[in-house]
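This report describes a protein together with its ligand, for a reader who has the sequence and the coordinates at hand. It takes up the nonpolar cores, the ligand shell, two individual residues and the overall form in turn.

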Amino acid sequence: MTTRDLLRALPVLAHDMPSFDPTGAPAEPTALFAEWLAEAVAAGVDEPHAMTVATVDADGAPDTRVLILKDLDAAGWHFATTSTSAKGRQIAGNPRVALGFHWREQGRQVRVRGTARPADPAVSRRDFLARPEGSRIATLAGRQSAVLADPAELDRELAEVRARLAADPGLVAEGHTVYSVTPASVEFWQADRERRHVRLRYRRAADGWSRELLWP
Ligand SMILES: Cc1cc2nc3c(=O)[nH]c(=O)nc-3n(C[C@H](O)[C@H](O)[C@H](O)COP(=O)(O)O)c2cc1C
């Protein structure tokens, strides 16, 4: 079987999915996102807090990777990473980002477009200290996205950091940064088996949010 045949034999949006009535949608996109996230968790969606984060580099070329959503509040969607990583440098050069969530089991997609801002250093510090030991060791070993010339170097660094952390449990990785994404637009997409998908887009307006339906 060719890869093409393999791909074309795979079903898509063929399972039972919830319906979405946009007429009853809340005025704020964060409220609808919180509802959908809670429903995704209740439905047993695997890693519903994993999202694709798109950035652009200094040449305007897009880049994406998966990150974990750490919080959602009035400031927006939060994630944590290293400011000196590829994405951290890209955000420093151009803070415009996009987030993508895909909750396969429910046929749902949420797209957020907005601006990322680093949180107060005290917030990032608290976030770091609340992380499991393994995550702290990995971040303290640092240099995310730099070229790894020799895997043995990583093992040495991890062992060294583990010893340093045991001696000083309050160690904080300098570059660990919480970013919040202030949304400019948020789109909620609900699949339909008959392909009559529902799309609701919120756009920031002078006095709150405008809401509009989109053709599927
Ligand atoms: C499910 C999943 C969750 C991840 N969560 C994070 C995260 O919260 N923070 C992070 O820095 N990298 C996370 N990663 C790794 C990133 O996808 C990426 O490889 C890393 O941050 C380097 O990205 P960059 O080179 O674009 O800076 C995660 C990867 C996966 C698959």
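Which residues of the largest nonpolar core touch the most other members? Trp77, Phe101 and Val110 do so, in a core of 29 residues. A nonpolar core is here a set of buried Ala, Val, Leu, Ile, Met, Phe, Trp, Tyr and Cys residues joined through side-chain atoms within 4.5 Å. Buried means under 20% relative accessible area, exposed over 50%, and partly exposed in between (1.4 Å probe, protein chains only).

The model is predicted: local features need pLDDT of at least 70 and side-chain atom pairs count only at pLDDT 80 or more, whereas totals for chains, interfaces and linings use all residues. Residues are numbered from 1 along each chain as its sequence is written, and side-chain values use heavy atoms, with hydrogens and water left out.

**Nonpolar cores**

Two or more residues of the largest core come from each of helix H2 (29–42), strand S1 (50–56), S4, strand S5 (96–103), strand S6 (108–118), strand S7 (176–190) and strand S8 (198–205). Helices (H or I, at least four residues) and strands (E, at least two) are DSSP runs, numbered from the N terminus. Leaving aside neighbours within four places in sequence, Phe101 is in contact (heavy atoms within 4.5 Å) with residues including Phe33, Met51, Leu69, Trp77 and Val110. A second, separate core has 8 residues, among them Phe128, Ala141, Leu165 and Leu171.

**Ligand shell**

The residues around the ligand, with a heavy atom within 4 Å of it, are Glu47, Arg65, Val66, Leu67, Ile68, Ala80, Thr81, Ser85, Ala86, Lys87, Gln144 and Ser145. By class, this shell has 5 nonpolar, 4 polar and 3 charged residues. In that count Ala, Val, Leu, Ile, Met, Phe, Trp, Tyr, Cys and Pro are nonpolar, Asp, Glu, Lys and Arg are charged, and the others, Gly among them, are polar. The table lists distances from protein atoms to an oxygen atom of the ligand.

| Residue | Protein atom | Distance to a ligand oxygen |
|---|---|---|
| Ser85 | polar side-chain atom | 3.4 Å |
| Ala86 | backbone N or O atom | 3.3 Å |
| Gln144 | side-chain N or O atom | 3.2 Å |

Taken alone, the ligand exposes 620 Å², and the protein buries 64% of that. Accessible areas come from the Shrake-Rupley method with a 1.4 Å probe; for residues, only the protein chains shown count as cover. Strand S2 (62–68), strand S4 (76–82) and helix H3 (86–93) are the elements that give two or more residues to the shell. S2 gives the most, with 4 residues.

**Arg199 and Asp150**

Arg199 is found in strand S8. With a relative accessible area of 17%, Arg199 is buried. The side chains of Arg199 and Glu187 are joined by a polar contact of 2.7 Å. A polar contact is a pair of N or O atoms within 3.5 Å; within protein, one must be able to donate a hydrogen and the other to accept it, and residues adjacent in sequence count only if both atoms are side-chain atoms.

Asp150 lies in the loop between helix H5 (133–140) and helix H6 (151–167). Asp150 is partly exposed, with a relative accessible area of 34%.

**Overall form**

The secondary structure of the protein comes to 6 helices and 9 strands. The C-alpha trace spans about 60 × 55 × 40 Å along its principal axes. Of the 216 residues of the protein, 36% count as buried.
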